[in-house]
Amino acid sequence: MAWKFDKPLHSMSDAEQNKKACDVWEGESLGGIAENNNRVPRAVIWLMVMTIVTAFAVTNPLWGQRPTASLYVDYVKLMDSPQVQAIATDKGKMEYIVNNAKSSDSRTLGLQDRHPLTMDDLHVIKDQIIELENKGVDLEEYTIIGPYVQLANFEGEPKADGTPSRKQPFWDKGYTIDIFYVAYFCIAMLIVIKRLPDYSWKPDHSVAH
Amino acid sequence: MFKYLFAKNEDIPPGTAAVYFGFSSILWFVIGTGLGSFNAAKLAFPDFVTGSELFSFGHMRQVHVLAVIFGWISMAFAMAMMYITPALGNTKLWSEKLGVWNCFLWNIGLSTGLTLLWFGVTSGREYSDFPWFIDLYIASFIALPMAINVWMTILTRRTQGIYTTNWFFGAGVFMIAIVFIVGNSPEWFNLTGLSEAYLTWWFAHNVLGLWITPIAAAIAYYTVPKVTGNPLYSHRIGHLHFWSVVVFYSTPAAHHLMSAPLPEWLKSFASVEGVLILVPAIAFVSNLLLTMQGKWHMFVENVEIKFTITGVLMAIPLNMQGGFQQTRAINWYVHGTGWIVAHAHLALLGFSTFLEAAAVYYGLQTILRRKLFSLALANFHFWFLLIGFSIYWVSMTIAGLIQGAGKIYEVPYIDVVIAEHPYMIARWVGGTMVFTGNIVWLYNMYMTAKAGTEIPEGRLPHELAYER
């Protein structure tokens, strides 16, 4: 188990250890089967990296979240304004509302873009949003499901009053654990693979077969 | 079989246990897919066999599922282990007698368990439906003897190195024991609620992830180099595959319960790990397809390679589906629909079945030293299996998308049932083709044992496939 670290990306085993491994590799037939010492292809490494990045990106609750009622509060406020009332078509009204109620927060803006509404949709949820506002609840805890504005089914950490938070964070400790877990895996795999003889060595299968 | 149960170990011919396991697995495959065809007929034609509680869908469904998992798939695995493990260690199976007893007790236990399930004696938990005493029996008389035989054969090998296939075999029998004991703990300790739900799906996920997927892959690692004569493309990718299965497949159980009130961080963790099952999949598929270099003609000409490479290729859609369908963005739509049923069949009837069938074909011919009775029937089996499965998979995927839309847009349930009806008939047609193909396979292998041309010493069955 002799280690060396002068060229870790070449091999982490010393020459003697590598020679032993090569002798066994070439010298015995495992039921008539041989193995090559080819490197992990670059395309495969690239796919692995892309998979890891995609795994975090695609599972992030930022995507696939239902729209919250808070996204449309400013839309509802503008609905009855004289400027909107002066526009003849519903399409024109909606364009005016969207352009004038754009959030300055890029995340909210993205959510507004991903969850567009028509004037008809807005009419359906308008009274429900006003009623909830009057109650003084946090509209970020309410989601739009079809024609209904409902308390989100997400249950997170308890709030000060003991009830669970209904706001889904876009990052939680599950992702933090994953970062460490994946990092440990990559380091361990690098060590396992780099303990083998360098991939430039090609076993001669005619020795044992 | 009975004469070998009480014979001395040295009097039992090498390969006996593998042959019994091989034929048992085919028989269970016929039974399992026959039950599947029957159940599919009940969904396609609601008036088919009514009036008897025993033949109701609720009684029959889990008998089909467990007959296929623990009869066909697991016994084909045991068969592969009984002949491949010693072959790779240049040795004999540690104990043929233990293997024969293992096969005998397996058939007894499984028949008893499935009969009890049929009569409604069940734990009520999907995939771990067997009652606790059958679980205990499986752990003691099925899993443990198999594990001992595999481990002892590896320990008493005559080689220094251990080939990739045997890493998976040795680890797989250990992991299935853990999965079985921990996964059934709700029943041992009367756990209820979320703990029960979580452990139920931890079991279901890991029966696939730590048993069926790695062992099926291990078989391909043997079949492709052995039959093509090519060396395995990369020992390094083998390491990457093995460790990524262990690391990434063992963790995502919570992604089966994305809508349950489990801690959200656990779902986030599991969901990332769920996508990362693509890491072992990429390693596996690339290693095997690169091993085929220069031998692609065998994909057309050779039965074992045809089955194996088809199974390897199915790993691509399987893992793309599996990796992404569990994410929050997709799961809310497909959860609880036929999409999942299609995916489960892609894993069990597609990917793993094709790999195991190759091992059973190759193993029985090699051990019996008999050439396949009929190559034409083997091809018939392959195409009926492939076309039947494809019809099943496509129809259930479409039905699942219809159900998903119906669920989200709150379409009345009966309207969804009517919309799905053509796909349920297609499902039955596909499933029945698979069943028919398997009957032909059983006949072909029986005739191979009885009347197959003897293979001369020093030759391998696939070398003689086209010789009369």
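Val179(B) belongs to helix 6 of chain B, which covers residues 164-183. In this predicted model, Val179(B) is buried, because 23 other C-beta atoms lie within 10 Å of its own, and 20 or more suffice for that label. Leaving aside residues up to four places away in sequence, Val179(B) touches Phe203(B), Asn206(B), Val207(B), Leu210(B) and Trp211(B). Leu385(B), by comparison, stands 206 residues from Val179(B) in sequence, and the C-alpha atoms of the two are 30 Å apart in space.

From this residue one may turn to the chain around it. Chain B contains 17 helices and zero strands. Its C-alpha atoms occupy a box of roughly 65 × 45 × 40 Å along the principal axes. The radius of gyration of chain B is 22 Å, which agrees with the value near 23 Å that a compact globule of 468 residues would have. Of those 468 residues, 58% count as buried, Val179(B) being one of the buried residues. The contacts within chain B also link distant parts of the sequence: among those between residues at least 6 apart, 84% join residues at least 24 apart.

Chain B also meets chain A. In this interface, 41 residues of chain B are in contact with 43 residues of chain A. On the chain B side, at least two residues each come from helix 3 (57-88), helix 8 (193-228), helix 9 (235-249), helix 10 (264-275), helix 11 (278-291) and helix 14 (328-334). Helix 10 of chain B gives the most, with nine residues. By residue class, the side of chain B that touches chain A comprises 25 nonpolar, 11 polar and five charged residues.

The partner, chain A, is assigned two domains: domain 1 (1-64 + 194-209) and domain 2 (69-151). Their C-alpha centres lie 56 Å apart. Chain A also has a strand pairing, in which strand 1 (residues 142-145) and strand 2 (residues 148-151) run in the antiparallel sense and are joined over four bridges. One bridge partner can be named: Ile144(A) is matched with Val149(A) in strand 2 of chain A. Two residues lie between the strands of this hairpin of chain A, and there Gly146(A) takes a positive phi near 55°.

Terms used: Residues numbered from 1 in each chain as written. Chains lettered and ligands numbered in written order. Predicted model: local features only at pLDDT ≥ 70, side-chain atom pairs only at ≥ 80, totals over all residues. Contact = placed C-beta atoms within 7 Å. Nonpolar A, V, L, I, M, F, W, Y, C, P; charged D, E, K, R; others polar. Rg over C-alpha atoms; globule rule 2.2 N^0.38 Å. Buried ≥ 20, exposed ≤ 12 C-beta atoms within 10 Å, placed from the backbone. Domains from an automatic or database assignment. Pairing = 2+ DSSP bridges.
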